[in-house]
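User: I am new to this structure. Please take a close look at one part, the strand pairing and the cysteines around it.

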Amino acid sequence: TIRSDMFICRLSTNIEIIPSKEKPKKIIFRDELGEEYLFLCKQERKGDLRKDLRVMEYVSILNHILVEDREGQEHHLQLTTWCVTILNEKTGLIEWVRNTE
């Protein structure tokens, strides 16, 4: 999980290029405690990464509603979110969800 008070101290020199059409890059940031955070650096030629950010904001609102709802509390309902950082209209960083391909 990304902490709001985290400071990035290092960027790994090993950058993995994902073998797909757009060739996104898997990069690793390290914080002041040495903890690693994996991100996908992605450029969209035909899309807009701001949509990804809006979906995460929408999911966060749904999670808030589920926390306030009695049945949501009983069933411990929550959707998983991840960090999306927009660098410009077509380029951004998306938090890598561990144990996925």
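Analyst: Two strands pair if DSSP finds at least two bridges between them. The model here is predicted.

Start with strand E3, residues 25-31. Its partner is strand E4, residues 36-43. They run antiparallel and share 6 bridges. One contact to look for is arginine 30, whose bridge partner in E4 is glutamate 36.

Now follow the chain between these strands. E3 and E4 make a hairpin, with 4 residues between them. Glycine 34 sits in the turn. Its phi is positive, about 85°.

E4 also pairs with strand E6, residues 91-95. This pairing is antiparallel too, with 5 bridges. Here lysine 42 stands opposite glycine 92 of E6. So E4 has pairings with both E3 and E6.

Next, the cysteines. A disulfide is a covalent bond between the sulfur atoms of two cysteines. How many disulfides does the model have? The count is 0. Why does cysteine 41 have no bond? Its closest cysteine sulfur belongs to cysteine 83, and it lies 13 Å away. That is too far for a bond, because the cut-off is 2.5 Å. The view from cysteine 83 leads back to cysteine 41, whose sulfur is the closest to its own, at 13 Å.

Are these residues buried or exposed? Cysteine 41 has 24% relative accessibility, so it counts as partly exposed. Cysteine 83 has 23% and therefore also counts as partly exposed.

Conventions: Residues are numbered from 1 along each chain as its sequence is written. This is a predicted model: local features need pLDDT of at least 70, side-chain atom pairs count only at pLDDT 80 or more; totals for chains, interfaces and linings use all residues. Side-chain values use heavy atoms; hydrogens and water are left out. Helices (H or I, at least four residues) and strands (E, at least two) are DSSP runs, numbered from the N terminus. Buried means under 20% relative accessible area, exposed over 50%, partly exposed in between (1.4 Å probe, protein chains only).
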